[in-house]
Amino acid sequence: MDALLQAAQPLLAIAFAPWGSPVTWVEVLAFMLSLAMVACNIRVNPSGWPLAIAASLLYFLLFWQHRLYGEAGLQIFFALVAGWGWWQWLRGHTADGQALRVRRLSHRGRLAVALAVLLAWPLLGALLRRYTDTDVPWWDALPTAGSIAGQWLLGRKYVENWPVWLVVNVISVGLFAYKELWLTVLLYALFAALSVVGWRAWLRKAATHG
């Protein structure tokens, strides 16, 4: 991993330092790609998935450098699942054989997702605390668990991915502020606002399809 960070030094170089807090080129590039990705997701445009892969790999470097190992590992998961999500949006089908469409999750499904996140949170936190030198294992683990759920819901075009992302993004704003990743704080604050926009847009689409 040290060799990878060494090779990525040009990307990890400081681009600018507002108020004395350095912002690297990798953070700038990931910021731009991530905003474009969310814009595509809101419009149900599959072009968002390759953007997600690129942004995730950049954020992996950034988060690893700042000892946010849960978030870093999550970015690799995101990059892999983005390939699956891309395929789902292009070729995926529902249980009745129809092409995937924007739809609502059942009440039972929502409870299952919430339970899965609540179970995964302490498990991931314990793993981070035991096997890494992170100083925020539980705080890091919660948005990690929520993001896994959100990514699956997004890939299957469930409206509920947006409220999950809203919660994840609000928590992440505090986490990245603690780490003084100010451009990423701004990004996740924008993500939180865009989650509301996406939620409303997808609710309208689900009502139309219903």
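Mentor: Let's start with a definition: a salt bridge is a side-chain nitrogen of Lys or Arg within 4 Å of a carboxyl oxygen of Asp or Glu. Keep in mind that this is a predicted model.

Trainee: What makes Asp135 and Lys179 a salt bridge?

Mentor: Their side chains meet with 2.8 Å from N to O. The limit is 4 Å, so the pair qualifies. The two residues come from distant parts of the chain: Asp135 sits in the loop between α6 and α7, Lys179 in the loop between α8 and α9, 44 residues apart.

Trainee: Why is Asp135 called partly exposed?

Mentor: Its relative accessible area is 37%. Partly exposed covers the range between under 20% and over 50%, so Asp135 belongs there.

Trainee: And Lys179: buried or exposed?

Mentor: Lys179 has 13% relative accessibility. Buried means under 20%, so Lys179 counts as buried.

Trainee: How many salt bridges does a search of the whole structure find?

Mentor: The search finds 4. One of them joins Asp133 and Arg67, whose closest N and O atoms are 3.9 Å apart. With the cut-off at 4 Å, that pair is therefore counted. Asp133 is in the loop between α6 and α7 and Arg67 in the loop between α4 and α5, 66 residues apart, so this pair too links distant parts of the chain.

Trainee: How do you know that Asp133 and Arg67 are classed correctly for exposure?

Mentor: Asp133 has 43% relative accessibility, and Arg67 has 34%. Both values fall between 20% and 50%, so each residue counts as partly exposed.

Trainee: What makes Glu160 and Arg110 a salt bridge?

Mentor: Their closest N and O atoms are 3.4 Å apart, which is within 4 Å. Glu160 lies in the loop between α7 and α8 and Arg110 in helix α6, 50 residues apart. Glu160 is at 7% relative accessibility and so counts as buried, while Arg110, at 32%, counts as partly exposed. Arg104 joins in as well: Arg104, Arg110 and Glu160 are linked in a network of salt bridges.

Trainee: On to the interior. Which residues have the most contacts inside the largest nonpolar core?

Mentor: They are Tyr59, Phe63, Leu68, Phe176 and Trp202, in a core of 49 residues. The elements that give two or more residues to this core are α3, α4, α5, α6, α7, α8 and α9.

Trainee: What does Tyr59 touch, not counting residues up to four places away in sequence?

Mentor: Tyr59 touches Glu27, Ala30, Phe31, Ser34, Gln75, Thr184 and Leu187.

Trainee: Why is Gln151 called buried?

Mentor: Gln151, found in helix α7, has a relative accessible area of 5%. The threshold is under 20%, so Gln151 is buried. Leaving aside neighbours within four places in sequence, Gln151 is in contact with Trp49, Phe77, Phe78, Val81, Ala82, Trp84 and Trp165.

Trainee: What makes Leu57 eligible for a nonpolar surface patch?

Mentor: Patch residues need over 30% relative accessible area. Leu57, in helix α4, has 42%, so it passes that requirement and is partly exposed. Leu57, Ile76 and Leu80 together make a patch of about 280 Å².

Trainee: How do you know that the chain is as compact as a globular protein of its length?

Mentor: The radius of gyration is 17 Å, close to the 17 Å that the globule rule gives for 210 residues, so the description holds. Along its principal axes, the C-alpha trace spans about 50 × 35 × 30 Å. Buried residues make up 47% of the chain.

Trainee: What does the secondary structure come to?

Mentor: There are 9 helices and 2 strands. From the N terminus on, they run α-α-β-β-α-α-α-α-α-α-α.

Trainee: What is notable about phi at Val44?

Mentor: Val44 is not a glycine, yet its phi is positive, about 55 degrees; this residue is in the loop between α3 and α4. Glu180 also has a positive phi, near 60 degrees, and its place is in the loop between α8 and α9.

Terms used: Residues numbered from 1 in each chain as written. Predicted model: local features only at pLDDT ≥ 70, side-chain atom pairs only at ≥ 80, totals over all residues. Heavy atoms only, no water. Core = buried A, V, L, I, M, F, W, Y, C linked by side-chain atoms within 4.5 Å. Buried < 20%, exposed > 50% of the residue type's maximum accessible area, 1.4 Å probe, protein only. Helix = DSSP H or I, 4+ residues; strand = E, 2+ residues; numbered from the N terminus. Contact = heavy atoms within 4.5 Å. Patch = residues over 30% accessible without salt bridge, like charges linked within 9 Å, V, L, I, M, F, W, Y side chains within 5 Å. Areas by Shrake-Rupley, 256 points an atom, 1.4 Å probe, with all protein chains shown as cover. Rg over C-alpha atoms; globule rule 2.2 N^0.38 Å.
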